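Colleague: Before I rely on the labels attached to this model, I would like to go through the reasoning behind some of them, one at a time.

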Amino acid sequence: MSSDGTESILELAEQAGIRIRSNCRQGVCGACKKRKVAGVVRYDAEPDGLDRSEQDNGMILTCVAIPVDRVVVEA
Ligand code: FES
(Lines give C-alpha, C1' and ligand atoms only; values in the text may rest on other atoms or scores of the structure.)
Protein backbone atom coordinates (compact mmCIF):
# COMPACT_ATOMS: atom_id res chain seq x y z
CA MET A 1 0.00 0.00 0.00
CA SER A 2 1.54 3.34 -0.93
CA SER A 3 0.90 6.68 0.72
CA ASP A 4 0.23 10.07 -0.82
CA GLY A 5 2.07 11.64 2.11
CA THR A 6 -1.06 12.75 3.96
CA GLU A 7 -2.75 9.51 4.97
CA SER A 8 -1.99 7.91 8.31
CA ILE A 9 -0.88 4.33 8.73
CA LEU A 10 -4.28 3.57 10.27
CA GLU A 11 -6.08 4.93 7.19
CA LEU A 12 -3.78 3.02 4.84
CA ALA A 13 -4.29 -0.20 6.81
CA GLU A 14 -8.07 0.21 6.68
CA GLN A 15 -7.92 0.74 2.92
CA ALA A 16 -6.00 -2.54 2.71
CA GLY A 17 -8.62 -4.34 4.82
CA ILE A 18 -6.38 -4.57 7.89
CA ARG A 19 -8.17 -3.79 11.12
CA ILE A 20 -6.29 -1.84 13.80
CA ARG A 21 -8.03 -0.95 17.05
CA SER A 22 -8.66 2.79 17.32
CA ASN A 23 -10.72 5.28 19.25
CA CYS A 24 -9.97 9.03 19.18
CA ARG A 25 -8.06 9.00 15.88
CA GLN A 26 -6.35 12.20 17.00
CA GLY A 27 -3.20 10.88 18.68
CA VAL A 28 -4.55 11.27 22.21
CA CYS A 29 -5.95 8.01 23.62
CA GLY A 30 -3.24 5.54 22.64
CA ALA A 31 -5.68 2.86 21.45
CA CYS A 32 -4.01 2.55 18.04
CA LYS A 33 -0.47 2.18 19.41
CA LYS A 34 1.61 -0.34 17.49
CA ARG A 35 5.26 -1.33 17.27
CA LYS A 36 7.07 -0.17 14.14
CA VAL A 37 9.45 -2.84 12.90
CA ALA A 38 11.02 -0.87 10.07
CA GLY A 39 10.85 2.48 8.31
CA VAL A 40 10.32 6.10 9.32
CA VAL A 41 7.14 7.94 10.25
CA ARG A 42 6.43 11.60 10.87
CA TYR A 43 3.81 13.44 12.89
CA ASP A 44 2.28 16.80 11.99
CA ALA A 45 2.31 17.57 15.72
CA GLU A 46 3.91 15.75 18.64
CA PRO A 47 1.32 13.09 19.63
CA ASP A 48 -0.06 13.45 23.17
CA GLY A 49 -0.70 9.73 23.53
CA LEU A 50 2.91 8.62 23.07
CA ASP A 51 5.81 9.60 25.28
CA ARG A 52 9.41 9.90 24.18
CA SER A 53 10.54 6.59 25.71
CA GLU A 54 7.79 4.74 23.83
CA GLN A 55 8.88 6.43 20.60
CA ASP A 56 12.48 5.46 21.33
CA ASN A 57 11.26 1.85 21.72
CA GLY A 58 9.66 1.86 18.28
CA MET A 59 6.05 2.51 19.27
CA ILE A 60 3.90 4.68 17.00
CA LEU A 61 0.35 6.00 17.06
CA THR A 62 -0.97 4.69 13.78
CA CYS A 63 -3.87 7.17 13.60
CA VAL A 64 -1.52 10.15 13.27
CA ALA A 65 1.72 8.54 12.04
CA ILE A 66 2.38 9.28 8.40
CA PRO A 67 4.86 7.02 6.62
CA VAL A 68 7.92 8.78 5.23
CA ASP A 69 9.20 5.69 3.45
CA ARG A 70 8.38 1.99 3.52
CA VAL A 71 7.09 1.21 7.01
CA VAL A 72 6.48 -2.20 8.59
CA VAL A 73 4.19 -2.36 11.63
CA GLU A 74 3.22 -5.24 13.89
CA ALA A 75 -0.56 -5.35 13.64
S1 FES B 1 -6.90 6.22 18.09
FE2 FES B 1 -6.46 7.40 19.84
S3 FES B 1 -4.34 7.74 19.68
FE4 FES B 1 -4.83 6.76 17.82
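Colleague: What makes Glu 46 count as exposed?

Modeller: This is a predicted model, and in it Glu 46 has a relative accessibility of 52%; the label exposed applies over 50%, so Glu 46 counts as exposed.

Colleague: How do you know that Glu 46 forms a salt bridge with Arg 52?

Modeller: The closest N and O atoms of Glu 46 and Arg 52 are 3.8 Å apart, and the pairing requires a side-chain nitrogen of Lys or Arg within 4 Å of a carboxyl oxygen of Asp or Glu, so the pair qualifies as a salt bridge. Glu 46 and Arg 52 are also linked with Asp 56 in a network of salt bridges, and a search of the whole structure finds five salt bridges.

Colleague: Why is the contact between Glu 14 and Arg 25 said to tie together parts of the chain?

Modeller: The side chains of Glu 14 and Arg 25 meet in a salt bridge at 2.9 Å, N to O. Because Glu 14 lies in helix α1 and Arg 25 in the loop between α1 and β1, the pair joins parts that are eleven residues apart in sequence.

Colleague: What makes Glu 14 and Arg 25 partly exposed?

Modeller: Glu 14 has 37% relative accessibility and Arg 25 has a relative accessible area of 38%; partly exposed covers the range between under 20% and over 50%, so the label applies to Glu 14 and to Arg 25. Arg 25 also has a phi near 60°, a positive value in a residue other than glycine.

Colleague: Why is the pair Lys 33 and Glu 54 called a salt bridge?

Modeller: Their closest N and O atoms are 2.8 Å apart, against a limit of 4 Å, so the name fits. Lys 33 lies in strand β1 and Glu 54 in helix α2, so this pair ties together parts that are 21 residues apart in sequence.

Colleague: Why is Cys 63 called buried, and Cys 24 partly exposed?

Modeller: Cys 63 has 10% relative accessibility, and buried means under 20%, so Cys 63 counts as buried. Cys 24, at 26% relative accessibility, counts as partly exposed. A search of the whole structure finds zero disulfides.

Colleague: What makes the link between the side chain of Arg 42 and Gly 5 a polar contact?

Modeller: The backbone oxygen of Gly 5 lies 2.7 Å from a polar atom of the Arg 42 side chain, and the cut-off is 3.5 Å. Arg 42 and Gly 5 are 37 residues apart in sequence, and Arg 42 lies in strand β2.

Notes:
Residues numbered from 1 in each chain as written. Predicted model: local features only at pLDDT ≥ 70, side-chain atom pairs only at ≥ 80, totals over all residues. Heavy atoms only, no water. Disulfide = S-S within 2.5 Å. Buried < 20%, exposed > 50% of the residue type's maximum accessible area, 1.4 Å probe, protein only. Helix = DSSP H or I, 4+ residues; strand = E, 2+ residues; numbered from the N terminus. Polar contact = N/O pair within 3.5 Å; in protein donor to acceptor, adjacent residues only side chain to side chain.
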